[in-house]
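Colleague: I would like to learn how to read a model like this one, feature by feature. Could you walk me through it?

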Amino acid sequence: MEAIILSELTWLVNPPTPMTFVPYLLDIMPSTQALPLEAQRTFGLVHQVLRELSRYITELGVCLGSELSAYPPSQVAFVSILISMDLISVHALP
């Protein structure tokens, strides 16, 4: 029924993009209370850097075009977060 209503209204609905999933996946990270005191101080900064690096990597994925479209956006987002974690120093990650 939803599809019928949208087609009658001629609304175009886009599927979720990988960047839609990045914040949700980053929110799954452990809470700051579970981290040591030193890691709690840098958690906000590391979280922001991971978000920005993941956003940049997903935008680079657009350049791949058809090769990247074969994978679900949630997988692309997860891989971009993993790549971002590899780019950050091991000592910075909580």
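Colleague: Let me start with a single residue: in which helix is Met19 found?

Modeller: First, the ground rules: this is a predicted model, where local features need pLDDT of at least 70, side-chain atom pairs count only at pLDDT 80 or more, and totals for chains, interfaces and linings use all residues. Residues are numbered from 1 along each chain as its sequence is written, and side-chain values use heavy atoms, with hydrogens and water left out. Helices (H or I, at least four residues) and strands (E, at least two) are DSSP runs, numbered from the N terminus. Met19 is found in helix α2.

Colleague: And is Met19 buried, partly exposed or exposed?

Modeller: The general scale is this: buried means under 20% relative accessible area, exposed over 50%, and partly exposed in between (1.4 Å probe, protein chains only). The areas themselves come from the Shrake-Rupley method with a 1.4 Å probe, and for residues only the protein chains shown count as cover. Met19 has 25% relative accessibility, so it counts as partly exposed. You can also look at its place in space: the C-alpha atoms of Met19 and Ser54 are separated by 8.0 Å, although these residues are 35 apart along the chain.

Colleague: How should I read a nonpolar core, and which residues make the largest one here?

Modeller: In soluble globular proteins, nonpolar side chains tend to be buried together. By the rule used, a nonpolar core is a set of buried Ala, Val, Leu, Ile, Met, Phe, Trp, Tyr and Cys residues joined through side-chain atoms within 4.5 Å. In this model the largest core has eight residues: Val22, Leu26, Met29, Val46, Leu50, Ala77, Ile81 and Ile88. At least two residues of this core come from each of α2 (18–27), α3 (37–61) and α4 (73–87).

Colleague: Where does Phe78 lie, and how far is it from Leu50?

Modeller: Phe78 belongs to helix α4. With 46% relative accessibility, Phe78 counts as partly exposed. Phe78 and Leu50 are 28 residues apart in sequence, with 12 Å between their C-alpha atoms.

Colleague: Which residues make a nonpolar patch on the surface?

Modeller: Patches are made of residues with over 30% relative accessible area and no salt bridge; like charges are joined within 9 Å, and nonpolar side chains (Val, Leu, Ile, Met, Phe, Trp, Tyr) within 5 Å. Here, Met1, Ile4, Ile5, Leu9, Trp11 and Val13 make a nonpolar surface patch of about 690 Å². Take Ile5 as an example: it sits in helix α1 (residues 2–8) and is partly exposed, with a relative accessible area of 44%.

Colleague: What about the backbone of Thr10?

Modeller: Thr10 has a phi near 55 degrees, a positive value in a residue other than glycine. Thr10 is placed in the loop between α1 and α2, and it is exposed, with a relative accessible area of 64%.

Colleague: Now for charges: how many salt bridges are there?

Modeller: Side chains of opposite charge can pair when their charged atoms come close. A salt bridge is a side-chain nitrogen of Lys or Arg within 4 Å of a carboxyl oxygen of Asp or Glu. By this rule the count is two. Arg55 pairs with Glu52 at 2.9 Å, N to O, and with Glu59 at 3.0 Å, N to O. Glu52, Arg55 and Glu59 are thus linked in a network of salt bridges.

Colleague: Why are Arg55 and Glu52 separated by about one helical turn?

Modeller: Because they are three residues apart in helix α3, Arg55 and Glu52 are separated by about one helical turn. Glu59 and Arg55 are four residues apart in that helix, about one turn. As for exposure, Arg55 is partly exposed at 33% relative accessibility, Glu52 is partly exposed at 37%, and Glu59 is partly exposed at 42%.

Colleague: Finally, what volume does the largest pocket have, and which helix gives the largest share of its lining?

Modeller: On a 1 Å grid over the protein atoms alone, a pocket is an open set of points where a 1.4 Å probe fits, with protein on both sides within 12 Å along at least five of seven lines; lining residues have an atom within 4 Å of a point. Grid points are joined across faces, edges and corners, and a volume is the space filled by probe spheres set on the points. The largest pocket has a volume of about 240 Å³. Its lining has 14 residues, of which Pro18, Thr58, Gly61, Val62 and Leu68 lie nearest the centre. The largest share of the lining, four residues, comes from α3.
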